[in-house]
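Q: I am new to this structure and would like a close look at one part of it. Could you pick a single residue, walk me through its setting, and then show me how that setting fits into the rest?

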Amino acid sequence: NMGDTTASLTPDVMYGWRVKALKNWIKESNGYLKIEDFQRAGHLDQFHYLGLECNDDIISLLQLNGEKKVLDVGSGIGGPARYISWKTGCQIVGLDIQESLVQASNEITNLLNMGRQLTFRACDATTDAFTDTEEYDAFYSILVFLHIPEVPRKILFSKLYKSLTENACFCIEDYCLKDPSKPFTDTEIEALTTIVGAVYVPCQDTYKKQLKDSGFKNIQFEDLTDTWTQWTIGRRDRFLEKREDHVRMHGEQVYKNMEIFYNTVATLFTGGRLAGVRITGSRGTTSSDLYVGRNLIQNKKRGTKEIMDNVFRQI
């Protein structure tokens, strides 16, 4: 059953190759790299769907600017934080439980001289290691909470609520179960846990209640399932097409892990039970930033052509 475990799960097939792959890319780019150059690194720098466009959506939604201090929960190799901070001037603190990713994030921060804007900490934010209070004007978390089981996740939500300033807002992108009356199959649960490390994927109503119980208000869910389904299929197909390039750069073993991972995710979305959501909300009952941001995003629907163009920029 999903959610039985108490530990966050980040399988090696999903993450083991990440640092090596980005370092291979940096090495192949040989020489002096600027932040702009990393926009060419695509899926090696941005682990989430739609890459930089997703980051741009977060900037719009949360109305981020140079005045703001922002928390990135599950910052990975630091791609989104680097880009968002560079684009808006905001200060970002990134937390991740994987030491190797945090170390790589800090190395790249130094390489780019971005130390004044970016701080990365190896920290399990579900524990007493994270006690920041009324510190951040916003937080975002991209495809991270799916790795965190139910009990620690509820603890984390309460901690995140306390970490925000009075007018702060948030943006989460995550997995959901599309329909509680149609649970995941055993095969899907196996794939979600062992390949994707998704240990707990509740339905929307349960998810919303957990956020509300932690104190958050003004919560809205936006369904991204169609976009993510098209995007993950496109990513897989494009990845397979460019097999030789990937094997040349990363070696056969890393390529195999990437292939298993990208295949699995596309299959899960085509199964029709997995949903993708973007969740926004605030600490207070209203947030003027979020009001502006939601209106901007509402008018931004992506068609199939735009989604495929995006895939081609990632891989």
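A: Leu156 is buried, because its relative accessible area is 1%, under the 20% that counts as the limit for buried. Please keep in mind that this is a predicted model. Leu156 belongs to helix α6, which spans residues 150-163.

What does Leu156 touch, leaving aside its neighbours within four places in sequence? The contacts are Val73, Ala125, Thr126, Phe145 and Ile148. Take Thr126 as an example: 30 residues separate Leu156 and Thr126 in sequence, yet their C-alpha atoms are 4.7 Å apart in space. Contacts across the sequence also show up in the protein as a whole, where 81% of the contacts with a separation of 6 or more are between residues 24 or more positions apart.

Now step back to the helix that holds Leu156. Helix α6 lies across β1 (69-73), β4, β5 and β6, and runs at about 150 degrees to β5. Another helix to look for is α3 (residues 51-62), which lies across β4 (136-142), β5 (164-177) and β7. The direction of α3 is at about 150 degrees to β4.

The strands under these helices are part of an open sheet of 7 strands. Reading across, the order is β3-β2-β1-β4-β5-β7-β6, with mixed pairing. At the edges are β3 (118-122) and β6 (217-223), each of which pairs on one side only. From one strand to the next, the twist averages 15 degrees.

Strand β7 (residues 274-282) deserves a slower look. It pairs with β6 in the antiparallel sense over 5 bridges, and in that part of the sheet Phe221 stands opposite Ile279 of β7. With β5, strand β7 also runs antiparallel, and 9 bridges join the two. There, Tyr175 stands opposite Gly276 of β7.

How many of the residues of β7 are buried? The count is 9 of its 9 residues. In a regular strand, side chains alternate between the two faces of the sheet. For β7, both faces are covered. On one side the buried residues are Leu274, Gly276, Arg278, Thr280 and Ser282, and on the other they are Ala275, Val277, Ile279 and Gly281.

Two loop residues are worth finding next, and both involve β4. Leu143 sits in the loop between β4 and α6, the helix of Leu156. Its phi is positive, about 50 degrees, although Leu143 is not a glycine. Leu143 is buried, with a relative accessible area of 12%. Glu134 is in the loop between β3 and β4. Its phi is near 45 degrees, again a positive value in a residue other than glycine. Is Glu134 buried or exposed? At 53% relative accessibility, Glu134 counts as exposed, since the limit for that class is over 50%.

Some helices also meet each other. The axes of α2 (residues 18-28) and α5 (residues 99-111) come within 10 Å and cross at roughly 25 degrees, so α2 and α5 are roughly parallel to each other. From α2, the contact uses Arg18, Val19, Leu22, Lys23 and Ile26, while α5 brings Ser100, Leu101, Ala104, Glu107 and Ile108. By class, the residues of this contact are 6 nonpolar, 1 polar and 3 charged.

A second pair is α10 (residues 243-250) and α11 (residues 252-270), whose axes come within 7 Å and cross at roughly 130 degrees. That angle makes α10 oblique to α11. Here Arg243, His246, Val247 and His250 of α10 meet Glu252, Val254, Tyr255 and Met258 of α11. This contact has 4 nonpolar, 2 polar and 2 charged residues.

Finally, here is the whole picture around our starting residue. The protein has 13 helices and 7 strands, and buried residues make up 57% of its 315 residues. Leu156 is one of the buried residues. The protein exposes about 13,700 Å², with carbon and sulfur atoms supplying 48% of that area.

Conventions
Residues are numbered from 1 along each chain as its sequence is written. This is a predicted model: local features need pLDDT of at least 70, side-chain atom pairs count only at pLDDT 80 or more; totals for chains, interfaces and linings use all residues. Side-chain values use heavy atoms; hydrogens and water are left out. Helices (H or I, at least four residues) and strands (E, at least two) are DSSP runs, numbered from the N terminus. Buried means under 20% relative accessible area, exposed over 50%, partly exposed in between (1.4 Å probe, protein chains only). Contact means heavy atoms within 4.5 Å. Accessible areas come from the Shrake-Rupley method with a 1.4 Å probe; for residues, only the protein chains shown count as cover. Axes are lines fitted to C-alpha atoms, for helices over the stretch in contact, and angles run from 0 to 180 degrees between N-to-C directions. Angles under 35 degrees count as roughly parallel, over 145 as roughly antiparallel, 65 to 115 as roughly perpendicular and the rest as oblique. Ala, Val, Leu, Ile, Met, Phe, Trp, Tyr, Cys and Pro count as nonpolar, Asp, Glu, Lys and Arg as charged, and the others, Gly among them, as polar. Two strands pair if DSSP finds at least two bridges between them.
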